[in-house]
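Here is a protein chain to explore at your own pace. Take a look at the sequence and the model, then read on for a short tour of some of the parts.

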Amino acid sequence: MRTARVPEMGGFRVWGRVSVVCARPLHAGFGTRARRQPQPRGPDAPEARGWPRPGGRTREELLDELRAALLRREGPLVTLNKPPGLPVSGKPGELTLQSVLPELSQALGTGELQVVQAPGKESSGLVLLSSCPQTASHLQKYFICSKKAQRPTATYYAITDGIPTPPEGKICVSLTLTYTGDVSRVVPVKSPSRKNIVEGVRRTLSLFRVVAAGSGCALVQLQPLTAFPSQLQVHMMLQLCPVLGDHTYASQVGTVLGQRFLLPAENATPRRQVLGEALLHLLRLTPSQAAQLPLHLHLHRLLLPGTSHRDAPLELLAPLPPYFSRTLQSLGIPQQ
């Protein structure tokens, strides 16, 4: 077991354990057929880059976008490629994926759809819907049992500012959710007590592997084995390699004389991610444009149970969004 030592001003701060594993290499290809998204005009506008529009969407625009994002329909199951910035759920009256499911069900000619699996608000990627409550319940139990058995069923890809060292392993750390007014924030808890666990601290675990690297950034495969809000973003931040477009947790990574260190959560004010001049040049972004950079965290693959215990798992894929692919190209990182 190798412990990840995170350099900090005046010493070392240790957050969680990183163990190097020799896992079987997973296919990193991103190809799968999907409907092409129309590209708006204006090369410097956020929507022209494939980024979420600052002003948001109307209900009708969201429905059109979701219909265009349809990947696959098979029996009661429907898969979509969710754009970044779309929350799955929210308060009454908010525009979310769940709030438009009745209209989407009608447009697709299915029964009433419900969410089985989906990435978080700022992430993009595969959404699994079902029009059959029994099928949805069966799949949700499968995902829960797989996590308990530490069998990964979800594979994400992230582009990180920095290259994780070691390039492959497990990230184990305890996390808790704190609130300041209406704003929530996930913070790590070092050596949690039994009382902490009762009060909402959870031990979290993710597998990671650097697929490719270039220009000081990395394409990282991430497989969460527990479910906690913002788990993958926080895990990468604790490795001093925040995800590009992470405007919540990247501010906890500081730099002095070219050396990165971890700021305590209580001393790190949430702010827009700040990128170095060299990286801004490669991405052809101004600092103000970088402040609008979407999160480069994409749910690429889901495994579903086969029709019998002897059958291999079924694989569902969602292609990378255009802005993600363009970032890889700008950084000289190949899409394998």
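How far apart should the ends of helix α3 (residues 133-148) be, at 1.5 Å a residue? The 16 residues of α3 should span 22 Å, and the end C-alpha atoms are 23 Å apart, which agrees. The expected span is 1.5 Å times one less than the number of residues. Helices (H or I, at least four residues) and strands (E, at least two) are DSSP runs, numbered from the N terminus.

Before going further, keep in mind that this is a predicted model, where local features need pLDDT of at least 70, side-chain atom pairs count only at pLDDT 80 or more, and totals for chains, interfaces and linings use all residues. Residues are numbered from 1 along each chain as its sequence is written, and side-chain values use heavy atoms, with hydrogens and water left out.

**The two sides of α3**

In α3, the buried residues are A136, L139, Y142, F143 and S146. Seen down the axis of α3, they fall within an arc of 125°, so they line one face of the helix. That arc is taken from the directions from the helix axis to the C-beta atoms. Here's the general idea: an α-helix has 3.6 residues a turn, so residues three or four places apart point the same way. On the face turned away from the buried side, α3 carries the exposed residues Q134, K141 and K148. Buried means under 20% relative accessible area, exposed over 50%, and partly exposed in between (1.4 Å probe, protein chains only).

What covers the buried residues of α3? The cover includes β5 (77-82), β6 (114-117), β7 and β15 (297-304). Just after the helix comes Q150, with a positive phi near 55°.

Two of those buried residues, Y142 and F143, also make up an aromatic pair, and a search of the whole structure finds one such pair. Their ring centres are 5.6 Å apart and their planes are at 55°, so the pair is tilted. For rings of Phe, Tyr and Trp (its six-membered ring), a pair needs centres within 6.5 Å; planes under 30 degrees apart count as stacked, over 60 as edge-to-face and the rest as tilted.

**Strand β5 and its partners**

Six of the six residues of β5 are buried, so this strand is largely enclosed by the rest of the structure. L77, T79 and N81 point one way from β5, while V78, L80 and K82 point the other way. That fits a general pattern: in a regular strand the side chains alternate between the two faces of the sheet.

β5 pairs with both strands below; two strands pair if DSSP finds at least two bridges between them.

| Pair | Sense | Bridges |
|---|---|---|
| β4 (residues 70-74) and β5 | antiparallel | four bridges |
| β5 and β7 | antiparallel | six bridges |

L80 in β5 stands opposite L70, and L80 also stands opposite V127 in β7. β4 and β5 form a hairpin with two residues between them, and G75 in the turn has a positive phi of about 60°.

**A residue in β7**

Is L128 buried or exposed? L128, in strand β7 (residues 124-130), is buried, with a relative accessible area of 0%. Leaving aside neighbours within four places in sequence, L128 is in contact (heavy atoms within 4.5 Å) with a list of residues that includes L77, T79, V115, L139, F143 and L304. L128 and V115 are 13 residues apart in sequence and 6.3 Å apart in space, C-alpha to C-alpha.
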